[in-house]
Amino acid sequence: VLSVPLCFHLPTVHWFNERFVTTDIPEPQDLETWLEVGSWAWNWMEPPLGQISFFLLCLQFARAQIANMGVRPYTARMKAMRAKKIVAIYPQYDATLLSNYSKSVTYY
């Protein structure tokens with residue numbers, strides 16, 4: 001969300017440049033439109049935006065591969081915790097049967 005004003009909003013780009021980047025400011029006629037401001041700001045905004053975008057892409061790819069393998073780590077952990085609680089509450093019943101039942105039932 002912050003990448004849009006940091007790339008195209010002239011006052012925000014000036015503020016960021018003064019405090020963090022300190023690059024030369026183009027002539028006023030070169031900053032008349034938001035596209036010209038974006039062209040100037042893109043010099044320093046492209047590397048971090050590119051790295052963040054690539055990192056998010058890698059996370060999405062890893063999640064898709066985990067889903068392709070059928071691995072659901074959070075869901076499996078929650079179901080195992082729920083099964084342990086139910087087995088502890090009802091010790092008079094068979095623990096394996098209760099645990100398997102608890103893991104197979106959806107509660108939503």
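Is Glu18 buried or exposed? In this model, which is predicted rather than determined by experiment, Glu18 has a relative accessible area of 53% and is therefore exposed, since the label applies to values over 50%. The side chain of Glu18 meets that of Arg19 in a salt bridge, with 3.7 Å from N to O. Arg19, for its part, counts as partly exposed because its relative accessibility is 48%. By the rule applied here, the count for the structure comes to 1 salt bridge. As a general matter, side chains of opposite charge can pair when their charged atoms come close.

From this charged pair we can turn to the interior. The largest nonpolar core is made up of 10 residues, namely Leu6, Cys7, Val13, Phe16, Leu31, Val37, Trp40, Ala41, Trp44 and Met45. Three helices each supply at least two residues of this core: helix 1, covering 3–8, helix 2, covering 10–21, and helix 3, covering 34–69. Of these, helix 3 gives the most, with 5 residues. In soluble globular proteins, nonpolar side chains tend to be buried together. Met45 offers a convenient place from which to inspect the core by eye: leaving aside its neighbours within four places in sequence, Met45 is in contact with Leu6, Cys7 and Phe16.

The aromatic residues give another way to follow how these helices are arranged, and the structure holds 5 aromatic pairs. In one of them, the rings of Phe8 and Trp34 have centres 5.4 Å apart and planes at 75°, so the pair is edge-to-face. Because Phe8 lies in helix 1 and Trp34 in helix 3, this pair ties together parts that are 26 residues apart in sequence. Phe8 has a relative accessible area of 34% and is therefore partly exposed, whereas Trp34, at 53% relative accessibility, counts as exposed.

Another edge-to-face pair is formed by Trp40 and Trp44, whose ring centres are 5.2 Å apart and whose planes stand at 90°. These two residues are 4 residues apart in helix 3, so they are separated by about one helical turn. Trp40 counts as buried because its relative accessibility is 6%, and Trp44, with a relative accessible area of 12%, is buried as well; both tryptophans also belong to the largest nonpolar core. Elsewhere, ring pairs link Trp15, Phe16 and Phe20 into a cluster, and Phe16 is itself one of the core residues.

The Phe8 and Trp34 pair also leads outward to the surface. Together with Val4 and Leu35, Phe8 and Trp34 make a nonpolar surface patch of about 420 Å². Val4 has its place in helix 1, and helix 1 and helix 3 each supply at least two residues of the patch. Helix 1 and helix 3 are thus also among the helices that supply at least two residues each to the largest nonpolar core.

A final stop lies further along the chain, at Ser102, which is found in helix 5, residues 95–104. Ser102 has a relative accessibility of 1% and therefore counts as buried, the cut-off for that label being under 20%. Not counting residues up to four places away in sequence, Ser102 touches Lys79, Arg82, Ala83, Ile86 and Tyr107, and a reader tracing helix 5 in the structure can use these contacts to place Ser102 among its surroundings.

Technical notes: Residues are numbered from 1 along each chain as its sequence is written. This is a predicted model: local features need pLDDT of at least 70, side-chain atom pairs count only at pLDDT 80 or more; totals for chains, interfaces and linings use all residues. Side-chain values use heavy atoms; hydrogens and water are left out. A nonpolar core is a set of buried Ala, Val, Leu, Ile, Met, Phe, Trp, Tyr and Cys residues joined through side-chain atoms within 4.5 Å. Buried means under 20% relative accessible area, exposed over 50%, partly exposed in between (1.4 Å probe, protein chains only). Contact means heavy atoms within 4.5 Å. A salt bridge is a side-chain nitrogen of Lys or Arg within 4 Å of a carboxyl oxygen of Asp or Glu. Rings of Phe, Tyr and Trp (its six-membered ring) pair if their centres lie within 6.5 Å; planes under 30 degrees apart count as stacked, over 60 as edge-to-face and the rest as tilted. Patches are made of residues with over 30% relative accessible area and no salt bridge: like charges are joined within 9 Å, nonpolar side chains (Val, Leu, Ile, Met, Phe, Trp, Tyr) within 5 Å. Accessible areas come from the Shrake-Rupley method with a 1.4 Å probe; for residues, only the protein chains shown count as cover.
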